[in-house]
Amino acid sequence: MKPLLKAQNLTVAVRKGKKWITVVDHINFDIKQGEIIGIVGESGCGKTLTALSIMGLLGAHAKIAEGELLFKTVDLQAISRQEKQRLMGYEIAMVFQEPMTALNPLMKIGEQLAEPLRLHGITDRKMIHDKVIEILHEVELSEPERLMQAYPHQLSGGMRQRVMIAAAVICRPKLLIADEATTALDVTVQAQILQLLKKLNQTMGLSILFISHDLGVIRAICDKVMVMYAGKIVEQGSVGNIFYHPLHEYTKGLFGAIAVPEKKGLPLSNIPGKVPAVGEKRLGCPFALRCPKVQDICLSAFPSEIALGENHSVNCALVEADREVEYVQI
Ligand SMILES: Nc1ncnc2c1ncn2[C@@H]1O[C@H](COP(=O)(O)OP(=O)(O)OP(=O)(O)O)[C@@H](O)[C@H]1O
Ligand SMILES: [Mg+2]
């Protein structure tokens, strides 16, 4: 099956003074229709910038410096502003961590949900009303007529996140990007939102790019996972392979770490050392200086991707040197 989204050598740079510094570094990945793919990695490794580059929302201080982003057959960097506006929200949509900042506090829920429909050319009031009611049912919010009249502050955090998801999917996009979409919620509500996303994935055939610090959450919802470290994807594969047969020392280290929002920016507790600073010049594997198995070979060049079957690949010179590693695919 052709991928819905294909990132090839995607490289994102941010402006630091007069210089542009690479923060997402030649990454490659595919998202197929109906797939849920996770990105996991420590704070600052480039997860959000990867998402924003797909949405065309990098702003003035960040840019795609190299590489390609293809959505179906459309080159996302080559399209006009109008075409981008049509695509975003309509075919690709995004939900963020904090719904209170993304929702307009002065607008009733019904109006906020109607907005994406109007933006995409639906003007018939009855049709808009019906679609809003329908999507509120789909995201399992009760009393939709009453809810349409409410303002965001009158809703609980979980309800607001459901409204955000409703606004994102009301135009029936093909791809939803969820950036830490459940991180601010308590565990019970988080589980309900994950269940909802999974349901929408199944009923709408929605592909989801799911970004999280939390491995437990990733395991609960994703089919595949990409592990990012300092702007590089160091390992990717099916959830089964990554969780039960991690090969990169960084991935192995992640499993012992507890991901909580308060730890944002701190190094993972069980991996000594810290993430390289943004723009820090380094040859070789970015994890080499923290890797318990580091060898000279790791310091010379970033290792090429080694594919281990269809559902697992890793960039590690040590794995390459030891190709005979016994490998069981799940
Ligand atoms: N607009 C910007 N201008 C300058 N630097 C930026 C900008 N956005 C992000 N950065 C830097 O780029 C790096 C990657 O940021 P990004 O937000 O993608 O990380 P992240 O993996 O999403 O982290 P977190 O888990 O904390 O959300 C960080 O070092 C960050 O400081
Ligand atoms: Mg982020």
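Good morning. The largest pocket in this structure holds about 780 Å³ of space. A pocket here is an open set of points, on a 1 Å grid over the protein atoms alone, where a 1.4 Å probe fits, with protein on both sides within 12 Å along at least five of seven lines. The volume is the space filled by probe spheres set on the points, which are joined across faces, edges and corners.

Before continuing, I should state that this is a predicted model, in which local features need pLDDT of at least 70 and side-chain atom pairs count only at pLDDT 80 or more, while totals for chains, interfaces and linings use all residues. Residues are numbered from 1 along each chain as its sequence is written, chains are lettered from A and ligands numbered from 1 in the order in which they are written, and side-chain values use heavy atoms, with hydrogens and water left out.

The largest pocket is lined by 24 residues, where lining means having an atom within 4 Å of a point. Nearest its centre lie Met 55, Met 88, Gly 89, Pro 116 and Leu 119. At least two lining residues come from each of α2 (81-87), β6 (92-95), α4 (109-119) and α7 (157-169); these elements are DSSP runs numbered from the N terminus, helices being H or I of at least four residues and strands E of at least two. By class, the lining has 14 nonpolar, six polar and four charged residues. Ala, Val, Leu, Ile, Met, Phe, Trp, Tyr, Cys and Pro count as nonpolar, Asp, Glu, Lys and Arg as charged, and the others, Gly among them, as polar.

The second largest pocket has about 390 Å³ of space. Its lining comprises 21 residues, with Asp 30, Lys 224, Gln 236, Glu 310 and Ser 313 closest to the centre. That lining divides into six nonpolar, nine polar and six charged residues.

I turn now to ligand 1. Which residues are closest to ligand 1? Among the 15 that surround the ligand, they are Ser 43, Gly 44, Lys 47, Thr 48 and Val 278; a surrounding residue has a heavy atom within 4 Å. A polar side-chain atom of Ser 43 is 2.5 Å from a ligand oxygen, and a polar backbone atom of Gly 44 is 2.8 Å from an oxygen of ligand 1. The elements giving two or more residues to this shell are β1 (5-16) and α1 (47-55), and α1 provides the largest share, three residues. The shell contains five nonpolar, six polar and four charged residues. Thank you.

Methods: A polar contact is a pair of N or O atoms within 3.5 Å; within protein, one must be able to donate a hydrogen and the other to accept it, and residues adjacent in sequence count only if both atoms are side-chain atoms.
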